[in-house]
Amino acid sequence: MRKQKIYLETTLFNYYFDEDRDAHPDTITLFEECAAGKFEPYTSSHVIDEIENAPADKKEKMLALIKKYDIPVLAATDETDTLAERYISEGALPQGSLTDASHIAAASVYSLDMIISLNFRHIVRDKTIEMTAAINTLLGYSKIKIKSPMEVIDDEKTRYHLGRDSRNTPQD
């Protein structure tokens with residue numbers, strides 16, 4: 001079976017180090033599953049640009065993750081920029097969220113299977129998922145799955161909490 005090609009959005013690099021966030025352990029698990037070969041991870045120059053704006057100590061740690069996990073960085077192109085702008089003009093994402101649209105556009109243009117994000121405000125939400133899929137279909141791109149780490153990692157407790165497990169109690 002072919003490994004799923006996934007795009008790691010900026011929030012994942014942030015949550016990896018933010019131990020106060022509920023999704024911190026799931027984010028680490030996702031990176032570990034990438035290292036174990038479950039997924040083929042990618043990120044983009046848009047992520048690098050956002051990381052470059054982080055405080056110096058955090059910036060260095062986040063950039064080190066890309067090297068540690070050997071994550072290829074996809075380049076922004078005129079095609080990704082045009083598609084991101086189309087997402088905004090069609091209302092799939094709100095005005096002012098061009099970088100968020102650019103993440104989805106990069107995953108679409110580079111024919112990845114999925115974008116993984118913890119940005120529930122602009123990316124991991126029904127309207128964005130449905131409208132970007134429609135726009136991609138209209139323009140000849142594949143539909144991109146948009147998920148949170150909790151939806152894709154192989155973790156018993158996570159599956160239980162998301163209602164994917166019919167047992168009454170999670171297994172420890």
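The buried residues of helix α6 are D100, A101, S102, H103, I104, A105, A106, A107, S108 and V109. That makes 10 of the 12 residues of α6, so this helix is largely enclosed by the rest of the structure. The model in which this is seen is a predicted one. The length of α6 is as expected: at 1.5 Å a residue its 12 residues should span 16 Å, and the end C-alpha atoms of α6 are indeed 16 Å apart.

Before going further into α6, it helps to place this helix in the chain. The protein chain contains 9 helices and 5 strands. Read from the N terminus on, its elements follow the order β-α-α-β-α-α-β-α-α-β-α-β-α-α. The chain has 172 residues, and 47% of them count as buried. About 9,100 Å² is exposed by the protein chain, with carbon and sulfur atoms supplying 47% of that area. Among the contacts between residues at least 6 apart in sequence, 70% join residues at least 24 apart.

One of the neighbours of α6 is helix α3. Helix α3 covers residues 45-52 and helix α6 covers residues 98-109; the two pack at an angle of about 145°, and their axes lie 9 Å apart. On the α3 side the contact is made by H46, V47 and E50, and on the α6 side by T99, S102 and H103. Sorted by class, the residues in this contact are 1 nonpolar, 4 polar and 1 charged. S102 and H103 also belong to the buried residues of α6. As background to such patterns, an α-helix has 3.6 residues a turn, so residues three or four places apart point the same way.

What follows α6 in the chain? Just after this helix, S111 takes a positive phi of about 55°. S111 has this positive phi although it is not a glycine. The residue sits in the loop between α6 and β4, the latter being residues 114-116. D70 is another residue with a positive phi, about 50°, although it is not a glycine. D70 lies in the loop between α4 (56-68) and β3 (73-74). With a relative accessible area of 65%, D70 is exposed, because the cut-off for that class is over 50%.

The N-terminal part of the chain brings in helix α2, residues 24-35. This helix has 12 residues and reaches 17 Å from its first C-alpha to its last, close to the 16 Å expected at 1.5 Å a residue. H24, D26, T27, I28, L30, F31, E33 and C34 are the buried residues of α2. After α2 comes G37, whose phi is positive, near 95°.

Ahead of α2, in the loop that joins α1 (10-15) to α2, is D18. Is D18 buried or exposed? Its relative accessibility is 18%, and D18 counts as buried because the limit for that class is under 20%. D18 and K58 are 40 residues apart along the chain, and their C-alpha atoms are separated by 10.0 Å.

The aromatic residues give a further view of this region. A pair of aromatic rings is described by the distance of the centres and the angle of the planes. The structure holds 5 aromatic pairs. One of them joins F13 and F31: the ring centres are 5.5 Å apart and the planes stand at 75°, so the pair is edge-to-face. Since F13 lies in helix α1 and F31 in helix α2, the pair ties together parts that are 18 residues apart in sequence. F13 is buried, with a relative accessible area of 0%, and F31 counts as buried at 1% relative accessibility.

Y16 and F17 form an aromatic pair as well, edge-to-face, with 4.9 Å from centre to centre and 65° between the planes. Y16 counts as buried at 11% relative accessibility, whereas F17 is partly exposed, with a relative accessible area of 30%. Beyond single pairs, which residues do ring pairs link into a cluster? The cluster consists of F13, Y16, F17, F31 and Y69.

Key
Residues are numbered from 1 along each chain as its sequence is written. This is a predicted model: local features need pLDDT of at least 70, side-chain atom pairs count only at pLDDT 80 or more; totals for chains, interfaces and linings use all residues. Side-chain values use heavy atoms; hydrogens and water are left out. Helices (H or I, at least four residues) and strands (E, at least two) are DSSP runs, numbered from the N terminus. The expected span of a helix is 1.5 Å times one less than its number of residues. Buried means under 20% relative accessible area, exposed over 50%, partly exposed in between (1.4 Å probe, protein chains only). Contact means heavy atoms within 4.5 Å. Accessible areas come from the Shrake-Rupley method with a 1.4 Å probe; for residues, only the protein chains shown count as cover. Axes are lines fitted to C-alpha atoms, for helices over the stretch in contact, and angles run from 0 to 180 degrees between N-to-C directions. Ala, Val, Leu, Ile, Met, Phe, Trp, Tyr, Cys and Pro count as nonpolar, Asp, Glu, Lys and Arg as charged, and the others, Gly among them, as polar. Rings of Phe, Tyr and Trp (its six-membered ring) pair if their centres lie within 6.5 Å; planes under 30 degrees apart count as stacked, over 60 as edge-to-face and the rest as tilted.
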